[in-house]
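Hello,

Here is the structure I promised to send over. Please have it open while you read, and my notes on what turned up follow below.

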Amino acid sequence: QQAFLLTFITLGISSIISAVNFLVTVARLRTTGMTPMRMPIFVWSLVVTTTLVLMATSVVAAALTMVLFDRLLGTSFFRPGGGGDPLLYQHLFWFYSHPAVYVMGVPAFGAILEVVPVFARKPLFAYRLAVLSFIGIGLLSFMVWAHHMFVSGMAEFFHIPIMVTTELISVPTGIVFLSALGTIWLGRIRFTVPMLWVFGFLWNFVIGGITGVYLADVPTDLALSDTYFVVAHFHYTIVGGMVTGLFAGTYYWFPKITGRLMSERLGRIHFWSFTLAFNATFLPMFWLGLQGMRRRVADFPTELSDVNLWTSVASFVIALSTAVFLWNAIRSWVRGPLASANPWRAQTLEWQVASPPPVENFEHPPVVTSGPYEYGTPTPAPALSAGGAAGR
């Protein structure tokens, strides 16, 4: 266990250094004209994410160092026999681990909002409000950790404040959702594979968000804690929200990274097989949880066997759909059709250079004169007006 603790602490230090690198890069190395309100929304998502990493990882690294001291030096931070408190470790762990959910989630939100304007051919709806919502998510993520501990035996007076803040975080996450919907509304939608994943994200994440309300409320959480309802909610949030965002971003930026296009046919097969199998796997788990089926317990009532068999078979289809994605990525990288510099007709800076980008990106630093999503406006020119792109 000492090796695990030291490994975790080392990775935590690495994450903190990487977060500082990201933040300093955004703060100090923006090009001329790239004001904060002209930054792509995905960059804003990374700013919030790396801030969370910087702050929350420091806490869990300190907690694990305290565990190491208890084991090796005889201290009693968490050992009841020496006056320590095991619940203190849970508080420190979840103070990190709930923001860690948004470390995974906010980049996916950013990727989704980056893709939507390109394929709806509209400016991002409520861009400034979406930026503020990312910041709000970051702030509130540090105020909701204890909803994981409603059944832990912590002080009861703490339940209501945590329930309120957990409910409150649905407001900025809802704004992200509405920003995507507002951009889609009356847009000239191109149903490319990246855009299909946007719709998959909207469907799955709304289920994850609605079911999260029941786990934020103390009475229902006490009844549903440690059941398969939690398993289903978690997967609709992490996989249905974050992994679908990852797939949307991968299909979108793949031509820029590799210089080749992915197969649209295989991409559609991947999307539909994954989405249908994912919902077939995890929707029934809400019902299993309501029937009282416990997670982390191998045995369950025989009357639940048929539903468990169904979810097991559907989960294998998810794995097969992911194999389709891997085959598409490898095959396309090796011998896919060559991509033009800007196959999606996007306006952010990375699409103004060749695909894949040349080593130095631009021959001269570009000058940004407009926002990154000026689709359908009277002056929908590229986002830069000076400074040539290298390799074009």
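Let's start at the beginning of the chain, where α1 passes α2 in a left-handed crossing. Please keep in mind throughout that this is a predicted model. Helix α1 covers residues 2-28 and helix α2 covers residues 41-72. Their axes come within 8 Å and cross at roughly 155°. Angles over 145 degrees count as roughly antiparallel, which makes α1 roughly antiparallel to α2. As for what sits in the contact of α1 with α2, there are 21 nonpolar, eight polar and one charged residues.

Further along is another helix pair that you may like to look at next. Helix α10 (residues 264-290) packs against helix α11 (residues 305-335) at an angle of about 155°, and their axes are 8 Å apart. That angle makes α10 roughly antiparallel to α11. The crossing of α10 and α11 is left-handed. Sorted by class, the residues in the contact of α10 with α11 are 19 nonpolar, 10 polar and one charged.

Now to the aromatic rings. Searching the whole structure gives 34 aromatic pairs. One of the pairs is Tyr236 with Phe278, an edge-to-face arrangement with 4.9 Å from centre to centre and 70° between the planes. Planes over 60 degrees apart count as edge-to-face. Tyr236 belongs to helix α9 (residues 228-258) and Phe278 to helix α10, so this pair ties together parts that are 42 residues apart in sequence.

Are these two rings buried or exposed? Tyr236 is buried, because its relative accessible area is 0%, and Phe278 is buried too, with a value of 1%. For reference, buried means under 20% relative accessible area.

Phe278 has another aromatic partner, Phe282. Here the rings are tilted, 5.0 Å apart centre to centre, with 45° between the planes. Both residues lie in helix α10, four residues apart, which is about one turn of the helix. Phe282 is buried, as is Phe278. If you click on Phe278, then, you can follow one ring pair to Tyr236 in α9 and another to Phe282 within α10.

While you are on α10, have a look at Trp287, which lies in this helix. Trp287 has a relative accessible area of 40%, so it counts as partly exposed. Which separation goes with Trp287 and Phe229, in sequence and in space? They are 58 residues apart in sequence, yet 7.2 Å apart in space, C-alpha to C-alpha.

Next, the charged side chains. How many salt bridges does a search of the whole structure find? The search finds three.

Asp226 takes part in a salt bridge with Arg295, where the closest N and O atoms are 2.9 Å apart. This pair links distant parts of the chain: Asp226 is in the loop between α8 (218-224) and α9, while Arg295 is in the loop between α10 and α11, 69 residues apart. Asp226 counts as partly exposed because its relative accessibility is 27%, and Arg295 counts as partly exposed at 25%.

Asp226 also forms a salt bridge with Arg296, and there the closest N and O atoms are 2.7 Å apart. With Asp226 in the loop between α8 and α9 and Arg296 in the loop between α10 and α11, the pair ties together parts that are 70 residues apart in sequence. Arg296 has a relative accessible area of 67%, so it is exposed.

The remaining bridge to show you joins Glu264 and Arg268, with the closest N and O atoms 3.4 Å apart. Because they are four residues apart in helix α10, Glu264 and Arg268 are separated by about one helical turn. Glu264 is partly exposed, with a relative accessible area of 32%, and Arg268 counts as partly exposed at 33% relative accessibility. Returning to the loops, Asp226, Arg295 and Arg296 are joined into one network by salt bridges that share partners.

If you would like a route through the model, begin with the crossing of α1 and α2, go on to that of α10 and α11, then visit Phe278 and its partner Phe282, and finish at the network of Asp226, Arg295 and Arg296.

Happy browsing, and best wishes

Methods:
Residues numbered from 1 in each chain as written. Predicted model: local features only at pLDDT ≥ 70, side-chain atom pairs only at ≥ 80, totals over all residues. Heavy atoms only, no water. Axes fitted to C-alpha atoms, helices over the stretch in contact; angles between N-to-C directions. Helix = DSSP H or I, 4+ residues; strand = E, 2+ residues; numbered from the N terminus. Parallel < 35°, antiparallel > 145°, perpendicular 65-115°, else oblique. Left-handed = near helix turned anticlockwise from the far one by under 90°. Nonpolar A, V, L, I, M, F, W, Y, C, P; charged D, E, K, R; others polar. Phe/Tyr/Trp six-rings, centres within 6.5 Å; stacked < 30°, edge-to-face > 60°. Buried < 20%, exposed > 50% of the residue type's maximum accessible area, 1.4 Å probe, protein only. Salt bridge = Lys/Arg side-chain N within 4 Å of Asp/Glu carboxyl O.
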